[in-house]
Amino acid sequence: MKTEIVRLEAGDDALVMRVADDVFDEPVRPDRLAAYLREPGHFMVVALADGVTVGQCAAVIHRHPDKMTELYIDELGVSPAFQRQGIARKMLDAMFAIGRENGCEEAWVGTEPDNRAARALYESRKEPHGPAEDFVMYVYDL
């Protein structure tokens, strides 16, 4: 089945209402998706197969007063039925292009240490500055 990589813009909410299993961590809420797509510096690309979203990649631009502008790849997911077909790589390439279009000089992404598929994808790219970095994350309820 042929997939198409599409950059979502504000108002494209309907494209993400038919979603294959395990593309997002939770069900997509239309109000949250609309707010995300309206927010400057927030980007999403999806992979569509026969009108069904089978993959998604979301990213945010981080601007700093003392460092280069960077693109943070916040989410990348492909339905298990569509994995190992190059969809994640195509979405990542599309997101890197969006980052370059928006003045980003660097992109970064993180994953769990035991997520072998994600690590293989990220390590297969020619652009990394070096090996994966150690990273500790703390999450706070607000």
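Is Gly86 buried, partly exposed or exposed? In this predicted model, Gly86 has a relative accessibility of 34%. Gly86 therefore counts as partly exposed, as the value falls between the cut-offs of 20% and 50%. The residue sits in the loop between E4 and H2. Pro30 lies 56 residues away from Gly86 along the chain. The C-alpha atoms of Gly86 and Pro30 are 28 Å apart.

The loop between E4 and H2 also holds Arg84. Its backbone calls for comment. Most residues other than glycine have a negative phi. Arg84 is not a glycine, yet its phi is positive, at about 65°. Arg84 has a relative accessibility of 83% and therefore counts as exposed.

Asp50 shows a positive phi as well, of about 50°. Asp50 is not a glycine either. The residue is placed in the loop between strand E2, residues 42-49, and strand E3. With a relative accessibility of 61%, Asp50 counts as exposed.

A further loop joins strand E3, residues 52-62, to strand E4, residues 70-78. Thr69 belongs to this loop. Its relative accessibility is 14%, so Thr69 counts as buried. Which residues does Thr69 contact, leaving aside its neighbours within four places in sequence? Ile61, His62 and Arg63 are among them. The others are Gly103, Cys104, Glu105 and Glu106.

Cys104, a contact of Thr69, leads to the matter of disulfides. The count of disulfides is 0. Why is Cys57 not bonded to Cys104? The closest cysteine sulfur to that of Cys57 is in Cys104, at 13 Å. A disulfide needs the sulfur atoms to lie within 2.5 Å, so 13 Å is too far for a bond. Cys104 is likewise in no disulfide, since the nearest cysteine sulfur, that of Cys57, is 13 Å away. Cys57 has a relative accessibility of 0% and counts as buried. Cys104 is buried too, with a relative accessible area of 11%.

Attention turns next to the helices. Two packed helices are described by the angle between their axes and the distance between the axes. Helix H2 spans residues 87-101. Helix H3 spans residues 116-124. Their axes come within 11 Å. The crossing angle is roughly 50°. H2 and H3 are therefore oblique to each other, since that angle is neither under 35 degrees nor in the range of 65 to 115. The crossing is right-handed. H2 contributes Ala88, Arg89 and Leu92 to the contact. H3 contributes Leu121, Tyr122 and Ser124. By class, the contact of H2 with H3 has 4 nonpolar residues, 1 polar residue and 1 charged residue.

The segment after H3 includes Glu133. Is Glu133 buried or exposed? Glu133 counts as exposed, because its relative accessibility is 73%. Pro113 is 20 residues away from Glu133 along the chain. The C-alpha atoms of Glu133 and Pro113 are separated by 11 Å.

Definitions and conventions. Residues numbered from 1 in each chain as written. Predicted model: local features only at pLDDT ≥ 70, side-chain atom pairs only at ≥ 80, totals over all residues. Heavy atoms only, no water. Axes fitted to C-alpha atoms, helices over the stretch in contact; angles between N-to-C directions. Helix = DSSP H or I, 4+ residues; strand = E, 2+ residues; numbered from the N terminus. Parallel < 35°, antiparallel > 145°, perpendicular 65-115°, else oblique. Left-handed = near helix turned anticlockwise from the far one by under 90°. Contact = heavy atoms within 4.5 Å. Nonpolar A, V, L, I, M, F, W, Y, C, P; charged D, E, K, R; others polar. Buried < 20%, exposed > 50% of the residue type's maximum accessible area, 1.4 Å probe, protein only.
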